[in-house]
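Please open the model in the viewer and keep the selection panel at hand. The tour below proceeds from the whole chain to individual residues.

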Amino acid sequence: MARKPTKPSPKLPSFFKFLQSDDFPRQLCLPPALMVHYSGPSHCKCALRGPTGKWWTVGLEQREDGFYFCEGWRRFVTDHSLKVGYFLVFDHQGGSKFDVTICNPMGCDKRRSIGNSVTVRPGKRPATAAAVEETSTGSIVFRSEHPCFIGILGKNQYRMNIPKELAVAEGLIGKERVLLKDPNGRSWNVKLRLDEKEHHGGRLLMTQGLVACWQANNISLGDTIVFELVNRSEMEVHIFRTGAGGNMRSVVLDA
């Protein structure tokens, strides 16, 4: 006997949340009036698309007093530097996917490049959304179609090494500068310097301009940064902060 086709889950109304409790970094309670329309499982994984167009995986959990975003939510909060006074607008995209608009206390929208539209500039590769997922063990998996490398902020905050193989393959050797962009769309023009000392193997360093980026994003000793080379002159910076007690998060690149 043929199975009856399953009905697609109804699209939920858009909703907003005002961040006013000190508990919001740990969990976020969804509006009860919204969840009346929800017919999915009581525990599942949801995908939140932030202002940069990247995806975060967050667990949805039903409790006695309502539905909550829990596992993975703290990472979304940290990566977007959310604070008390911000408010978020969630636009349901069907299934378990939501677009999230972030507004600061002044009402300014931090949205940047949300959606599927892509602007292609002559001579540049189109940007594609990266995906960030937190595993059950607490490690972070970062996926992108662009070349990426990982850096950890050490005691010398004035330089960051670019892997030689990537620098050669992507034509960075010989370039004088590269543009760094943070999750809020702010940019810094950073100087490149080739260290030709024999014992360093001709490594390429990012130097002048780095500290301004670190300071603007409150990047601290031990924080992990993923540099995503969206074209040969521009890198997007993705920040993964140390956990409680200064423990570094495990970040893995999945090309």
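Accessible area is here the area obtained by the Shrake-Rupley method with a 1.4 Å probe. On that basis the protein exposes about 14,000 Å², and carbon and sulfur atoms supply 52% of this area. The model is a predicted one.

**The whole chain**

Begin with the entire protein in a cartoon representation. Its secondary structure comprises four helices and 17 strands. If the chain is then coloured by burial, buried residues account for 43% of the 255 residues. A contact map adds a further view: among contacts between residues at least 6 apart in sequence, 56% join residues at least 24 apart.

**Confidence**

Next, colour the chain by pLDDT. The mean over the protein is 77, and 75% of the residues reach 70 or more. Which elements mark the lowest and the highest mean pLDDT? Select helix α1 (residues 32-35) for the lowest, at 71, and strand β12 (residues 177-181) for the highest, at 95.

Two stretches deserve a separate selection. Over residues 1-8 the pLDDT stays under 50, and the model has zero contacts beyond four places in sequence for this stretch. Residues 111-128 also have pLDDT below 50, yet this stretch has 37 contacts in the model beyond near neighbours in sequence. Where pLDDT is low, the predicted coordinates should not be read in detail.

**The largest cavity**

Turn now to the interior spaces. Rolling a probe the size of a water molecule over the atoms shows where empty space is left. The structure holds two cavities of 30 Å³ or more.

The largest cavity contains about 110 Å³ of space. To centre the view on this cavity, select Lys54, Trp56, Pro183, Val237 and His238, which lie nearest its centre among the 15 lining residues. Which element supplies the largest share of that lining? Strand β16 (residues 234-240) does, with five residues. Colouring the lining by class gives six nonpolar, three polar and six charged residues.

**The second largest cavity**

Keep Pro183 selected, as this residue lines the largest cavity and also the second largest one. The second largest cavity holds about 30 Å³ of space. Add Asp79, Ser81, Asn184, Asn217, Ile239 and Arg241 to the selection to complete its lining. By class, this lining consists of two nonpolar, three polar and two charged residues.

**The second largest pocket**

Ser81 and Arg241 belong to the lining of the second largest cavity, and they also lead to an open site, the second largest pocket. This pocket has a volume of about 330 Å³. Of its 16 lining residues, Thr78, Ser81, Leu82, Lys83 and Arg241 lie nearest the centre. Helix α2 (residues 73-79) gives the largest share of the lining, three residues. The lining divides into six nonpolar, five polar and five charged residues.

**Ser81 and Asn218**

Zoom in on Ser81, in the loop between α2 and β6. Its phi is positive, about 55 degrees, although the residue is not a glycine. Is Ser81 buried, partly exposed or exposed? With a relative accessible area of 30%, Ser81 counts as partly exposed, because that class lies between the limits of 20% and 50%.

Asn218 is the next selection, located in the loop between α4 (210-216) and β15 (224-231). Asn218 likewise is not a glycine and has a positive phi of about 55 degrees. At 56% relative accessibility, Asn218 counts as exposed. Draw a distance between the C-alpha atoms of Asn218 and Ser81: they are 9.4 Å apart in space, with their positions 137 residues apart in sequence. Which residues does Asn218 contact, apart from neighbours within four places in sequence? The contacts are with Asp223 and Arg241, and Arg241 is one of the residues nearest the centre of the second largest pocket.

**His92**

Finally, select His92, in strand β6 (residues 87-92). Its relative accessible area is 2%, so His92 is buried. For a last distance, take the C-alpha atoms of His92 and Leu48: the two residues are 44 apart in sequence and 9.4 Å apart in space.

Methods
Residues numbered from 1 in each chain as written. Predicted model: local features only at pLDDT ≥ 70, side-chain atom pairs only at ≥ 80, totals over all residues. Heavy atoms only, no water. Helix = DSSP H or I, 4+ residues; strand = E, 2+ residues; numbered from the N terminus. Buried < 20%, exposed > 50% of the residue type's maximum accessible area, 1.4 Å probe, protein only. Contact = heavy atoms within 4.5 Å. 1 Å grid on protein atoms, 1.4 Å probe; cavity = no way out; pocket = protein on both sides within 12 Å on 5 of 7 lines; lining within 4 Å. Points joined across faces, edges and corners; volume = space filled by probe spheres on them. Nonpolar A, V, L, I, M, F, W, Y, C, P; charged D, E, K, R; others polar. pLDDT = per-residue confidence, 0-100.
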